[in-house]
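Thanks for coming, everyone. Please have a look at the sequence and the structure while I talk.

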Amino acid sequence: MFKQIITPRFSDTDALGHINNTLLPVWFEGARTPIFKLFSPDLDLTNWPLILAKMEVEFHAQLYLQHDIEIRTYISHMGNSSFTVHQQAWQQGQKCASGNAVMVHFSYQKQGSVAIPESVKTELQQHFVH
């Protein structure tokens, strides 16, 4: 599991005083950076090897400004060229949101998916959620 701590900003709140729901996909993407680095250690955008095929977020409880949020990132499924990242947002010991992102190892030159290298699969498997 990868972990990232988010300290909410005042501007992250909505009119009701909650963390705005549009931030979860942004925070989840940011917390996928360690996974991105497995495919591109220097995050070279001129040779980017991944695309996002699907993303979903489910809200379980409200998030608030006053407390840090922990983003937990796991791998929940892996195929030949794609994998699913499962993420959770926790605040004060409560899971407040979860989501899944299907990522595809992609060749822009071939305009298609390519097999995930075995070395990367080995690294990803260390973060499987059971």
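I'll go from the overall fold to the cores, and then to a few single residues.

First, a caution. This is a predicted model. Keep that in mind throughout.

Let's start with the fold. The protein has three helices and six strands. In what pattern do they follow one another along the sequence? The pattern is β-α-α-β-β-β-β-β-α. In space, the C-alpha atoms fill a box of roughly 45 × 30 × 25 Å along the principal axes. There are 130 residues, and 42% of them count as buried. Now the contacts. Take those with a separation of 6 or more. Residues 24 or more positions apart account for 64% of them.

Next, the surface. The accessible area of the protein is about 7,500 Å². Carbon and sulfur atoms hold 51% of that. As for charge, the protein has 9 positive and 11 negative charges. Their mean positions lie 4 Å apart.

Now the inside. The largest nonpolar core has 14 residues. Which of them touch the most other members? They are I35, F39, L50, F83 and L124. Four elements each supply at least two residues of this core: α2 (33-39), β3 (69-78), β4 (82-91) and α3 (118-125). The largest share, three residues, comes from α2.

Zoom in on F39. Setting aside residues up to four places away in sequence, F39 touches P49, L50, F83, H105, I116, V120 and L124. Note that L50, F83 and L124 were also on the list of core members with the most partners.

There is a second, separate core. That one has 13 residues, including L23, L24, L63 and I69. L23 is our way in to the next region. L23 lies in helix α1, residues 23-31. Buried or exposed? L23 has a relative accessible area of 14%, so it counts as buried.

From L23, go to D12. The two are eleven residues apart in sequence, and their C-alpha atoms are 7.3 Å apart in space. D12 is found in the loop between β1 and α1. How accessible is D12? Relative accessibility is 3%, and therefore D12 counts as buried. Which side chain does the D12 side chain meet in a polar contact? That partner is R9, at 2.8 Å. Beyond its neighbours within four places in sequence, D12 is in contact with H18, I19, N20, L23 and W27.

H18 is on that list, so to speak, and deserves its own slide.H18 is found in the loop between β1 (2-6) and α1. Its relative accessible area is 18%, and H18 is therefore buried. The H18 side chain makes a polar contact with the side chain of Q62, at 2.5 Å. What else does H18 touch, leaving out residues up to four places away in sequence? Besides Q62, the list holds D12, T13, L63 and Y64. L63 is also among the residues of the second core.

On to another histidine, H60. This residue is found in the loop between β2 (50-59) and β3. H60 is partly exposed, with a relative accessible area of 37%. Which residue makes a polar contact with the H60 side chain through its own side chain? S98 does, at 2.7 Å. H60 and S98 are 38 residues apart along the chain, and their C-alpha atoms are separated by 7.7 Å. H60 also touches K95, C96 and A97, again not counting residues up to four places away in sequence.

Last topic: backbone angles. Most residues other than glycine have a negative phi. Two residues here are worth a look on that score. One is L43. Its phi is positive, about 55°, although L43 is not a glycine. L43 lies in the loop between α2 and β2. At 30% relative accessibility, L43 counts as partly exposed.

The other is Q92. Phi of Q92 is near 50°, again a positive value in a residue other than glycine. Where is Q92? Q92 lies in the loop between β4 and β5 (94-107). Relative accessibility is 62%, so Q92 counts as exposed.

To recap the inside: a largest nonpolar core of 14 residues, and a second, separate core of 13. D12 from the loop between β1 and α1 contacts L23, and L23 belongs to that second core. Thanks, I'll take comments now.

How values were computed:
Residues are numbered from 1 along each chain as its sequence is written. This is a predicted model: local features need pLDDT of at least 70, side-chain atom pairs count only at pLDDT 80 or more; totals for chains, interfaces and linings use all residues. Side-chain values use heavy atoms; hydrogens and water are left out. Buried means under 20% relative accessible area, exposed over 50%, partly exposed in between (1.4 Å probe, protein chains only). A polar contact is a pair of N or O atoms within 3.5 Å; within protein, one must be able to donate a hydrogen and the other to accept it, and residues adjacent in sequence count only if both atoms are side-chain atoms. Contact means heavy atoms within 4.5 Å. Accessible areas come from the Shrake-Rupley method with a 1.4 Å probe; for residues, only the protein chains shown count as cover. Lys and Arg count as positive and Asp and Glu as negative; His and the chain ends are not counted. The place of a charge is taken as NZ of Lys, CZ of Arg, CG of Asp or CD of Glu. A nonpolar core is a set of buried Ala, Val, Leu, Ile, Met, Phe, Trp, Tyr and Cys residues joined through side-chain atoms within 4.5 Å.
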